[in-house]
Amino acid sequence: MKKTANKKTINLIAKTISVVVFFGVVWWLTLPLITGGVFKMIVAKSGLLGPLFLIAYVVLSHIVAPLGGSPAIVVGAAVFGVWKTVFFIYIAGIISASINFSISRGYGRGLVEKLAGKRTMRDIDFFTEKAGMNLLIISRVISFAVFEIISYAFGLTKISFKKYLTVTIIFSAIPSVLFAFIFQKINFESFTESAAVIGIMILTGIVFGVFLQKHIKKSA
């Protein structure tokens, strides 16, 4: 049992390092374009299209599991500033949470599995079995790493959409404000600082996800 647990831990660390390195390389290659005067001028002239594109990408990343929304946060912060970006991401989260819930409620496991994948579906089933108001509140406060999983999971339960959406709107605002407060002085035009933020987000998400699952198992 210990060997299996150690292997899982090693694999998790290896995957985390790989993801951080991958995003670091991508960010290093794209940073000059993102922070360049031409790009900023295009965004400035695009009006609402810039924020709308950012929101649309994050919504899509929450609906289709293989896409990652974290880079959009860093890109948005470099262009729009931290507080505006956090607001855009928060709005995107509310939209995606509503869509994911509606997909699960209206179409069931079949479509969810196609969008989220079989591996993610196992996590969705796990959270569905333990679903309750406390789980929804805790997950919205601390576990952005499983944000879309929770959204799909609760769509498969009997909770009303009104209660679900109310909890999501209120409690998902807490980590958004904390993120903006903590990282408001970060220079997102710096490769080192922005890459560090991505790394922290990934590591924090993994820690929160593991904590949430262990908390559920203990309280079961």
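**Exercise 1.** In which helix does Arg-140 lie? Describe the surroundings of Arg-140 in this predicted model.

*Solution.* Begin with the location: helix H8, which covers residues 133–142, contains Arg-140. Next, consider burial and charge. Arg-140 is buried, yet no salt bridge is formed by this residue. The nearest side chain of opposite charge belongs to Glu-148, 7.4 Å away, whereas a salt bridge requires a nitrogen-to-oxygen distance within 4 Å. Finally, list the contacts, setting aside neighbours within four places in sequence. Arg-140 then touches Ala-97, Phe-147, Ile-150, Ser-151, Tyr-164, Thr-168, Phe-171, Ser-172 and Pro-175.

**Exercise 2.** Determine how helices H7 and H9 are arranged, and name the residues through which they meet.

*Solution.* Two packed helices are described by the angle between their axes and the distance between the axes. The axes of H7 (residues 118–129) and H9 (residues 147–155) come within 8 Å, and the crossing angle is roughly 60°. The two helices are therefore oblique to each other. The handedness of this crossing is right-handed. On the H7 side, the meeting residues are Thr-120, Asp-123, Ile-124, Phe-127 and Thr-128; on the H9 side, they are Ile-149, Ile-150, Tyr-152 and Ala-153. Ile-150 of H9 is also one of the contacts of Arg-140.

**Exercise 3.** Characterise the protein chain as a whole.

*Solution.* Count the elements: there are 12 helices and zero strands. Then consider burial: of the 220 residues, 40% are buried. Lastly, examine contacts between residues at least 6 apart in sequence: 77% of these join residues at least 24 apart.

Key: Residues are numbered from 1 along each chain as its sequence is written. This is a predicted model: local features need pLDDT of at least 70, side-chain atom pairs count only at pLDDT 80 or more; totals for chains, interfaces and linings use all residues. Side-chain values use heavy atoms; hydrogens and water are left out. Helices (H or I, at least four residues) and strands (E, at least two) are DSSP runs, numbered from the N terminus. Buried means under 20% relative accessible area, exposed over 50%, partly exposed in between (1.4 Å probe, protein chains only). Lys and Arg count as positive and Asp and Glu as negative; His and the chain ends are not counted. Contact means heavy atoms within 4.5 Å. Axes are lines fitted to C-alpha atoms, for helices over the stretch in contact, and angles run from 0 to 180 degrees between N-to-C directions. Angles under 35 degrees count as roughly parallel, over 145 as roughly antiparallel, 65 to 115 as roughly perpendicular and the rest as oblique. A crossing is left-handed if the near helix is turned anticlockwise from the far one by less than a right angle, and right-handed if clockwise.
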